[in-house]
Amino acid sequence: MVQNDNHIPSAPTLDKVPQHVAVIMDGNGRWAKDQGEERLYGHRHGVEAVRGVVQTAAEAGVRYLTIYAFSTENWGRPAEEVDGIMSLIAQAILSELDTLTGAGIRMRFIGDLASLPASLQESIRIAEAAVIPAEKLRMTLNIALNYSSRWELTRAMQQIAVAVKDGSLRPEEITQETVSNHLATAGMPDPELLIRTSGELRLSNFLLWQLSYTELYFTDTLWPAFGRDQMLAALREYGRRKRRFGRL
């Protein structure tokens, strides 16, 4: 998904770089239809788009990039498409692992991973076992698989309830930080920028807690056509915005 350090271009000039960028990758199927191809053709080219976006984010100095690869709702698609997506993701994880690790980019996975096919779980296990020394860590790529924010929040509430029941936490001690620490993104800053492609204007059950004060960037570009220039345009738009957090 990214070239190694020896081939990464110099960092683009940006006024302000978000630490954490979240991306809803949308439009693979429509892009394939426009090409006169089946939907899996679009998903294959979508993987190529991920490669360019990861590289650009790393060049720009983004520390965390979270991409929405497969939602819990996506299981409702035709079985042939779902199986194809699972296979593509499993293959991409392994084929890109050495390159990403060499570039100082680690992969992490968020979602209900236990419900994924065994072959994909094995790819995830191998990727998460890769070690990058702290001094060489450049960016964390979070891949959301079988993920939904409602699932994540429900799981967090269950974990907090267990802590209250066993006496290790009192109800009055529960804070916003407590909730954040039980989410899949615990230990990471909330995204400052969310990018959604394909012209859709909704969050689709993605990082609902974490996106409370995130800048939203929507583009009509279909995901397989979203490349370096489009990513830099989104980052530059972020740099032009003034984040007030409810203050003047």
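User: What volume does the second largest pocket have, and what makes a residue part of its lining?

Analyst: About 220 Å³ of space lies in the second largest pocket of this predicted model. A lining residue must have an atom within 4 Å of a pocket point. The residues that line this pocket are Gln 176, Ser 180, Asp 190, Pro 191, Glu 192, Trp 209, Gln 210, Ser 212, Tyr 213, Thr 214, Arg 243 and Phe 245.

User: How many residues of that lining are nonpolar, polar and charged?

Analyst: The lining of the second largest pocket has 4 nonpolar, 5 polar and 3 charged residues. Trp, Tyr, Phe and Pro count as nonpolar, while Asp, Glu and Arg count as charged.

User: What is known of the largest pocket, its volume and its lining?

Analyst: The largest pocket holds about 670 Å³ of space. Its lining comprises 32 residues, and those nearest the centre are Met 25, Asn 28, Tyr 68, Ala 69 and Asn 74. Two or more lining residues come from each of helix H1 (28–34), helix H2 (39–60), strand S2 (64–71) and helix H3 (79–102). By class, the lining divides into 16 nonpolar, 8 polar and 8 charged residues.

User: How do you know that the span of H2 agrees with its number of residues?

Analyst: The expected span is 1.5 Å times one less than the number of residues. For the 22 residues of H2 this gives 32 Å, and the end C-alpha atoms are 31 Å apart, so the two values agree. Just after H2, Gly 61 has a positive phi of about 100°.

User: Why is the protein chain called as compact as a globular protein of its length?

Analyst: The chain has 7 helices and 6 strands, in the order β-α-α-β-α-β-α-β-α-α-β-β-α from the N terminus. Its radius of gyration is 18 Å, and the globule rule gives 18 Å for 248 residues; the two are close, so the chain counts as compact in that sense. Along the principal axes, its C-alpha atoms fill a box of roughly 55 × 45 × 40 Å. Buried residues make up 47% of the 248. Of the contacts with a separation of 6 or more, 78% are between residues 24 or more positions apart.

User: Why is Ser 149 called buried, and why is Arg 155 called partly exposed?

Analyst: Buried means under 20% relative accessible area, exposed means over 50%, and partly exposed lies in between. Ser 149 has 0% relative accessibility and therefore counts as buried. Arg 155 has 26%, so it is partly exposed. Ser 149 lies in helix H5 (residues 149–165), and Arg 155 lies in H5 too.

User: Which residues do Ser 149 and Arg 155 touch, leaving out those up to four places away in sequence?

Analyst: Ser 149 touches Asn 205, Phe 206, Leu 207, Leu 208 and Trp 209. Arg 155 touches His 182, Leu 183 and Ala 184. Touching requires heavy atoms within 4.5 Å. The C-alpha atoms of Arg 155 and Tyr 64 are separated by 23 Å, with their positions 91 residues apart along the chain.

User: What makes the phi of Ser 198 and of Ser 204 worth listing, and is each buried or partly exposed?

Analyst: Ser 198 has a positive phi of about 80° although it is not a glycine. Ser 204, also a residue other than glycine, has a positive phi near 55°. Ser 198 is found in the loop between strand S5 (193–196) and strand S6 (215–218), and Ser 204 is also placed between S5 and S6. Set against the 20% cut-off, Ser 198 at 8% is buried, whereas Ser 204 at 27% is partly exposed.

Conventions. Residues are numbered from 1 along each chain as its sequence is written. This is a predicted model: local features need pLDDT of at least 70, side-chain atom pairs count only at pLDDT 80 or more; totals for chains, interfaces and linings use all residues. Side-chain values use heavy atoms; hydrogens and water are left out. On a 1 Å grid over the protein atoms alone, a cavity is a set of points where a 1.4 Å probe fits but cannot get out, and a pocket is an open set with protein on both sides within 12 Å along at least five of seven lines; lining residues have an atom within 4 Å of a point. Grid points are joined across faces, edges and corners, and a volume is the space filled by probe spheres set on the points. Helices (H or I, at least four residues) and strands (E, at least two) are DSSP runs, numbered from the N terminus. The radius of gyration is taken over C-alpha atoms; the globule rule is 2.2 Å times the number of residues to the power 0.38. Buried means under 20% relative accessible area, exposed over 50%, partly exposed in between (1.4 Å probe, protein chains only).
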